[in-house]
Each structure stands twice: as structure tokens, then as C-alpha cells.
Amino acid sequence: MIRRNAGLSATMAYCRIDELDAGEAVLLESLYAAAVAYMEQAGVSEPKEGTSRRAQYDLAVNYLVLDSYDQRE
């Protein structure tokens, strides 16, 4: 699940999504969970908030979410 509302807002902003209906919210959360799992399987652990790696990690996860969201059809 996307961490907190701030995480969802940031992911939506990165993906240039203004509004989500219920189905799209579930889709976005699923894509986020898949991106986090992909990073874990690649050996990249989720860094703690406030660390120097956090912004890079968030950018990579959001990129994976956007890529999957764009190719959903």
C-alpha cells in the first residue's frame, strides 16, 4: 500500500494524475506495491524517511509506477 496520503499525492503528481476514482486508486496502490516488491527483489531496501537515499528511492519507485500505469492497456 502506498505509504500515507503524502506518498499517494506524490505518486499522483509524478504520474500527472489529478483525480482518481475508486478503481484507479486500487490500481495505483497495486502498482506501487509491485514497484516496491521489484526493488526489494533487486536488493534495494526501502530507506528510512529523511535519509539521503530516500529521494532517489521514491523517484525510482514512482518511475516504475508510471511506466506500469502508462502501459496498463
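This briefing describes the overall build of one chain and then looks at three of its residues. The model is predicted, and its secondary structure consists of three helices and zero strands. With 73 residues, a compact globule would be expected to have a radius of gyration near 11 Å, and the 12 Å found for the chain agrees with that expectation.

**Fold and dimensions**

- Read from the N terminus, the elements of the chain follow the order α-α-α, and the C-alpha trace spans about 30 × 25 × 15 Å along its principal axes.
- Among the contacts in the chain with a separation of 6 or more, 60% join residues that are 24 or more positions apart.

**Surface, burial and charge**

- Of the 73 residues in the chain, 29% are buried, while the accessible surface of the chain amounts to about 5000 Å², with 51% of that area belonging to carbon and sulfur atoms.
- The chain carries 7 positive and 12 negative charges, and the mean positions of these two sets lie 10 Å apart.

**Asn-62, within a helix**

- Asn-62 has its place in helix α3, and because its relative accessible area is 8%, which falls under the 20% limit, this residue counts as buried.
- Leaving aside residues up to four places away in sequence, Asn-62 touches Ala-10, Thr-11, Tyr-14 and Tyr-32; of these partners, Ala-10 and Tyr-14 fall within the range of α1 (4–14), and Tyr-32 falls within that of α2 (22–41).

**Arg-16, in a loop**

- Arg-16 is found in the loop that links α1 (4–14) and α2 (22–41), and this residue has a positive phi of about 55 degrees although it is not a glycine.
- Since its relative accessibility is 77%, and exposed means over 50%, Arg-16 counts as exposed.

**Arg-72, after the last listed helix segment**

- Arg-72 lies in the segment that follows α3 (54–70), and its relative accessible area of 43% places this residue in the partly exposed class, because that value is neither under 20% nor over 50%.
- A polar atom of the Arg-72 side chain lies 2.4 Å from the backbone oxygen of Tyr-69.
- Arg-72 and Leu-31 are separated by 41 residues in sequence, whereas their C-alpha atoms are 10.0 Å apart in space.

Conventions: Residues are numbered from 1 along each chain as its sequence is written. This is a predicted model: local features need pLDDT of at least 70, side-chain atom pairs count only at pLDDT 80 or more; totals for chains, interfaces and linings use all residues. Side-chain values use heavy atoms; hydrogens and water are left out. Helices (H or I, at least four residues) and strands (E, at least two) are DSSP runs, numbered from the N terminus. The radius of gyration is taken over C-alpha atoms; the globule rule is 2.2 Å times the number of residues to the power 0.38. Buried means under 20% relative accessible area, exposed over 50%, partly exposed in between (1.4 Å probe, protein chains only). Contact means heavy atoms within 4.5 Å. Accessible areas come from the Shrake-Rupley method with a 1.4 Å probe; for residues, only the protein chains shown count as cover. Lys and Arg count as positive and Asp and Glu as negative; His and the chain ends are not counted. The place of a charge is taken as NZ of Lys, CZ of Arg, CG of Asp or CD of Glu. A polar contact is a pair of N or O atoms within 3.5 Å; within protein, one must be able to donate a hydrogen and the other to accept it, and residues adjacent in sequence count only if both atoms are side-chain atoms.
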